[in-house]
Amino acid sequence: MTGNHQGLALVLFTVFVSVTLAITAWAGRRRSSSVEFFAGGRLFSPLENGFAIAGDYLSAATFLGISGLIALFGYDGMLYSVGFLVAWLVVLFLVAELVRNCGRYTLADVLSARMKQRPVRIAAGTASVVVSVLYLVAQMVGAGSLVALLLGGQGSAARTWTVVGVGALMVFYVTFGGMRATTWIQIVKAVLLMGGTLALTVLVLIRFHGDLGGLLRAAADGSGHGRAYLAPGLKYGENWTSRLDFMSLGLALVLGTAGLPHILSRFYTVPTARSARRSVVWAIGLIGSCYLMIIVLGVAAAAVVGSDAVRTSNAAGNTAVPLLALDLGGGAGSTGGTVLFAIVGAIAFATILAVVAGITLASSASVAHDLYATLRRPRPGGAPRREHEEVRVARLAAVGIGGVAIGLSLFAQGQNVAFLVGLAFAVAASANLPVLLFTLFWRKFTTRGAVWSVYGGLVPAMALVVLSPVVSGSPDSLFPGMDFAFFPLQNPGLVSIPLGFLAGWAGTLLTREPADADAYAEVEVRALTGAGAA
């Protein structure tokens, strides 16, 4: 990568950071009430929130990771985009409106509406923080590798300072801007991502004169696999273990989205449940359109750049889109190539910053609103806690979580990042989704069932990952020199998600205390009608 690429990329990075800092300063001038800090005052329109949801969900793994998988593995890589998109049907039909009506800021609000507050808030808050940190570490490890590559820094020092810089900006956005600043940063990022992806897609179609059949034939030839590139099985068809692994990953992706804390928190930023549903409809349209274009870009990378060239640049395929942009602009050394490469780098950087800010805000809200509010000592005389107290704790938690994420990201540099994203989805689907669905739809569900459901999904998911080939037993493991991989699958979702549902069912049946029928009736009315919603 030439100095022109690096210089222009730095200029575009600086412009975006300046804009986001200005947004944060503007948002920070408002009164820092809990509603303002955690939910942006609930004043965003469905269109604005739809763009923010798309900005929150479409991470660097989408823009660079899925396109790279498609460039390397064809049909099997495309299935990732299908899983990520289908997940939003679960959110639309089962979660969005009901969560908006029943909660205030976090998942634990929904659970505690009909359960004993202390045990369910501690359980849900713990699971939310674990999911958020895993997702955050994955994004920041990717930021270290990606941005350092785009800026031409291949050494560990460049990656280290990139991770520290991204972490510092993330903490600043959340601490001083809260949900309002984070939302507008996500909206700006979504516009940049959609615009950049659309521009590259148009250039691809112009290159192939609108002939999609010709594009597919060229991709099959450029992949080195021939027609096998366009058929299933190139990545997940070697044996039954790989097929089960794909089923496990697909289950985690489809069900995990509805349990991601930073996605659930977005439903509280609109005034009504109807607005939440319309936000999801807008988000599905934006996300689906983006995934269609990402498929085109991944196939085009195989056709124009070649799978071998992509793999040589980055074994995981994360540089497929930058290399494609360089070629579409006229190649290395050309003005068009330099400009397109720098734009792709700026979009990737914007994507990372927006996503990590949303995740950090969601996790800090769980710490302040669920864990701290539950575990703190009562005030003298039973005085209620002040509204600003949770906001102050959330700001401190953002600093702490940012520091933890930076430390773990630095420790995990050079490791496989994809499994961290899959793990976050698997943990969310195992620990958060079962308890959420049981709370909303099962009349006999009890507090013990809720606690068992959370821990019954969370603990097995984490344990199975530790005992999987991800951690030991293979050359790509975290500890390649050790072997305690007793679980053959890399993603635990196929086992841990059913265990989360089973634990909730068993805990309910084995409890002596019956469910509170009046509390369930109240939650049902509030969820379906919005009566009494915050």
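Helices here are DSSP runs of at least four residues, numbered from the N terminus, and the model you have open is a predicted one.

**Start in helix 1.** Select residues 3-28, which make up helix 1, and pick out F16 within that helix. With a relative accessible area of 7%, F16 falls under the 20% cut-off and is therefore buried. If you now add F349 to the selection, you will find a residue that is 333 places away from F16 in sequence, although the two C-alpha atoms are 8.8 Å apart in space. Once the neighbours within four places in sequence are set aside, the residues in contact with F16 are V188, L192, A350 and L353.

**Move to helices 3 and 12.** Next select residues 46-57 as helix 3 and residues 273-305 as helix 12, whose axes lie 7 Å apart and meet at an angle of about 45 degrees. Because of that angle, helix 3 counts as oblique to helix 12, and the crossing of the two helices is right-handed. To see the contact itself, show the side chains of P46, L47, N49, G50, F51, I53, A54 and Y57 on helix 3, together with S275, R278, S279, W282, A283, L286, I287 and Y291 on helix 12. Coloured by class, the contact between helix 3 and helix 12 comprises eleven nonpolar residues, four polar ones and one that is charged.

**Follow the aromatic rings.** The structure holds 14 aromatic pairs, and two of them can be visited from the helices already on display.

Keep Y57 selected and add W88: their rings form an edge-to-face pair, with 5.1 Å from centre to centre and 85 degrees between the planes. This pair joins distant parts of the chain, since Y57 belongs to helix 3 and W88 to helix 5 (residues 75-102), 31 residues apart. Y57 counts as buried at 2% relative accessibility, and W88, with a relative accessible area of 0%, is buried as well.

Then select F84 and Y291, whose rings form a stacked pair with 6.3 Å between the centres and 15 degrees between the planes. Here too distant parts of the chain are linked, with F84 in helix 5 and Y291 in helix 12, 207 residues apart. F84 is buried, having a relative accessible area of 8%, and Y291 is buried with a value of 2%.

**Finish with the cluster.** Which residues do the ring pairs link into a cluster? Select Y57, F84, W88, Y135, Y291 and F425 together, and you have the members of that cluster on screen.

Definitions and conventions:
Residues numbered from 1 in each chain as written. Predicted model: local features only at pLDDT ≥ 70, side-chain atom pairs only at ≥ 80, totals over all residues. Heavy atoms only, no water. Axes fitted to C-alpha atoms, helices over the stretch in contact; angles between N-to-C directions. Parallel < 35°, antiparallel > 145°, perpendicular 65-115°, else oblique. Left-handed = near helix turned anticlockwise from the far one by under 90°. Contact = heavy atoms within 4.5 Å. Nonpolar A, V, L, I, M, F, W, Y, C, P; charged D, E, K, R; others polar. Phe/Tyr/Trp six-rings, centres within 6.5 Å; stacked < 30°, edge-to-face > 60°. Buried < 20%, exposed > 50% of the residue type's maximum accessible area, 1.4 Å probe, protein only.
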